[in-house]
Amino acid sequence: MLLDPTLPVRAYPGKTFQCSCGREHSTRLQEVIIEPGALKKVPGLLARLGFARPLVVFDTNTRAAAGDALMAILKEAGQPFDFFCFENPELIADEAGLGAVLMALTDANDSLLAVGTGTINDLCKYTAHMTNRPYAVVGTAPSMDGFSSGVCALIRSDMKTTLQGTMPRAVVGDVDVLRLSPMDMIQAGVGDILGKYTCLLDWKLSHIINDEYYCPAIAEMMKRAVDTVAENAAGVYAREPDAVAAVMEALVLSGIAMSYSVNSRPASGCEHHISHYLEMRFMFDGRKPVLHGRKVGTATTLAAYCYHRLAEESPDFDAASNVVSFDFDAWADRIRRSYTRAADSVISLEREAHKNEPDRVRARLAAAKAHWDEIRSAIEELPSAAQIEGMLRASGAPTTPAEIGVEVPLLREAICRCKEVRNRYTLWQLLYDLGMLERYADEAAPLFGKAE
Ligand SMILES: [Zn+2]
Ligand SMILES: [Zn+2]
């Protein structure tokens with residue numbers, strides 16, 4: 001079967017598709033149920049998945065949102081299960097959280113069923129992976145796209161880290177539950193999804209410049225889901241079932257797209273780099289964390305501004321190429337100041353990846369020069385910063401980094417340094433290669449950051 005990017009999300013799990021990109025695409029996800037009243041379908045789902053006695057995991061919030069209702073449904077259906085409830089409302093996905101899930105698990109539990117979003121899902125995903133059990137997730141808020149990904153974001157020794165987990169066998173989103181979840185979480189889901197506009201462009205850019213693998217069908221599949229969320233932004237704010245379902249569907253599709261591309265290219269680009277950098281700095285500075293999708297959404301406005309600004313310029317690739325230089329020690333000094341306790345891993349990444357090496361920079365500039373018309377037309381398809389701001393505003397979400405408290409100097413630093421966090425070619429690396437990154441940061445930070 002050939003991959004058709006126009007199918008609804010429930011049509012992708014459990015199948016293998018041939019693709020025009022030359023690869024075969026599949027996901028370990030077997031089923032997706034996103035509809036009003038979906039909780040009632042969980043007993044039948046567990047039977048199809050062969051989960052004999054799952055450990056159902058929730059916290060006090062998600063227990064009230066869906067856990068109690070789900071347990072009543074399971075009991076009535078005669079489905080054996082055990083459950084574990086985190087009583088700590090400040091639960092984080094760290095060593096203690098993992099230990100608690102592990103200690104609640106018995107030999108009788110052949111599977112896990114997470115009831116929650118980011119933290120509960122990550123704890124169950126990692127435990128399922130390490131104990132070689134299958135798991136499924138009942139999402140309680142459409143707030144981030146990690147439901148259906150194979151990796152988990154965990155905190156180890158107070159540092160955020162990404163570890164291998166297992167794909168859930170199924171994702172359930174009861175729209176009656178999702179639409180009543182906290183509005184800031186739903187808006188975060190919208191932000192995480194709108195970020196796909198810039199990340200899909202980054203992916204295409206890297207394909208054009210670096211000949212990186214790119215699948216137009218996966219990109220199209222994501223683009224359609226993102227457009228649907230954008231069209232429904234006002235409905236999200238009104239908690240309309242179809243609008244909230246569209247956000248959840250796009251979030252789950254994003255995980256499927258990542259399994260198809262076997263990396264996070266369809267889900268994370270320059271806007272996520274800004275978000276990761278801000279998250280780290282907020283944590284180091286002891287500031288109150290901001291939901292992932294709120295950072296991503298506001299960074300998307302900023303990135304769209306910079307992208308369009310670049311398309312208006314006629315960069316002088318030869319002049320840029322002639323002045324390329326890289327002083328590793330001076331660069332490492334700046335990284336130590338910006339990244340502080342996380343600096344070592346960023347510096348060793350550059351030692352392996354050599355992304356800033358002058359020869360590599362010049363080669364990329366030559367490719368960008370040769371394909372500039374193609375690059376510019378790709379940028380022209382990106383919604384403008386004003387349009388993205390409008391979509392975020394319609395959903396009631398913050399629209400700029402200033403609105404989530406990011407001051408001008410911090411935003412300037414994020415623009416200049418965030419690309420070092422991963423070895424991934426994006427808009428920021430292109431601007432760096434052109435010698436224009438600092439100038440863009442000087443110009444954009446006061447427009448999008450908070451005046452002190
Ligand atoms: Zn493909
Ligand atoms: Zn994200």
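**A predicted model, contact by contact**

Student: Leaving out residues up to four places away in sequence, which residues does Pro-401 touch?
Tutor: Keep in mind that this is a predicted model. Pro-401 sits in the loop between α18 (385-394) and α19 (408-417). Not counting residues up to four places away in sequence, its contacts are Thr-298, Ala-299, Leu-302, Val-406, Leu-411, Phe-448 and Gly-449.

Student: Is Pro-401 buried or exposed?
Tutor: Let's count neighbours: 30 C-beta atoms lie inside 10 Å of Pro-401. The cut-off for a buried residue is 20 or more. Pro-401 therefore counts as buried.

Student: How far apart in space are Pro-401 and Ile-274, C-alpha to C-alpha?
Tutor: Along the sequence, 127 residues separate Pro-401 from Ile-274. In space, C-alpha to C-alpha, the separation is 9.9 Å.

Student: And how far apart in space are Asp-242 and Lys-355?
Tutor: Asp-242 belongs to helix α10, and Lys-355 is 113 residues away from Asp-242 in sequence. From C-alpha to C-alpha, the distance between Asp-242 and Lys-355 is 43 Å.

Student: Which class does Asp-242 fall into, going by its C-beta neighbours?
Tutor: Asp-242 does have contacts beyond four places in sequence, namely Asn-232 and Gly-235. Inside 10 Å, though, its count is 13 C-beta neighbours. Buried needs 20 or more and exposed needs 12 or fewer, so Asp-242 comes out as partly exposed.

Student: Which strands does helix α10 lie across?
Tutor: Helix α10 covers residues 241-261. Its direction is at about 165° to that of β3. The strands that α10 lies across are β3, β7 and β10.

Student: What is the strand order in the open sheet?
Tutor: The sheet has six strands, and the pairing is parallel. At its edges are β3 (31-35) and β5 (82-86), each pairing on one side only. Neighbouring strands are turned by 15° against each other on average, direction ignored. Reading across, the order is β3-β10-β7-β6-β4-β5.

Student: What angle does α1 make with β10?
Tutor: Helix α1 (residues 42-49) packs on this sheet and touches β3, β4 (54-59), β7 and β10. Its direction, set against that of β10, makes an angle of about 175°.

Student: How many bridges join β6 to β7?
Tutor: On its other side, β7 (135-139) pairs with β10 (170-174) over four bridges, with Ala-136 partnered by Ala-170. Strand β6 (111-116) runs parallel to β7, and Val-115 stands opposite Val-138. The number of bridges joining β6 to β7 is five.

Student: Which residues of β7 are buried, taking the two faces in turn?
Tutor: Five of the five residues in β7 are buried, so we just sort them by side. One face has Tyr-135, Val-137 and Gly-139, and the other has Ala-136 and Val-138.

Student: How many residues of α4 are buried?
Tutor: Helix α4 (118-130) reaches 18 Å from first C-alpha to last, close to the expected 18 Å. Its buried residues include Gly-118, Leu-123 and Tyr-126. After the helix comes Asn-132, with a positive phi near 60°. The buried count for α4 is 11 of 13.

Student: How far apart are the C-alpha centres of domain 1 and domain 2?
Tutor: Domain 1 spans 9-181, and domain 2 takes in 186-214 + 265-448. Their contact uses six residues from domain 1 and eight from domain 2. On the domain 1 side, those are three nonpolar, two polar and one charged. Between the C-alpha centres, the distance is 32 Å.

Terms used. Residues are numbered from 1 along each chain as its sequence is written. Chains are lettered from A and ligands numbered from 1 in the order in which they are written. This is a predicted model: local features need pLDDT of at least 70, side-chain atom pairs count only at pLDDT 80 or more; totals for chains, interfaces and linings use all residues. The expected span of a helix is 1.5 Å times one less than its number of residues. Domain bounds come from an automatic or database domain assignment. Two residues are in contact if their C-beta atoms, placed from the backbone, lie within 7 Å. Ala, Val, Leu, Ile, Met, Phe, Trp, Tyr, Cys and Pro count as nonpolar, Asp, Glu, Lys and Arg as charged, and the others, Gly among them, as polar. Two strands pair if DSSP finds at least two bridges between them. Axes are lines fitted to C-alpha atoms, for helices over the stretch in contact, and angles run from 0 to 180 degrees between N-to-C directions.
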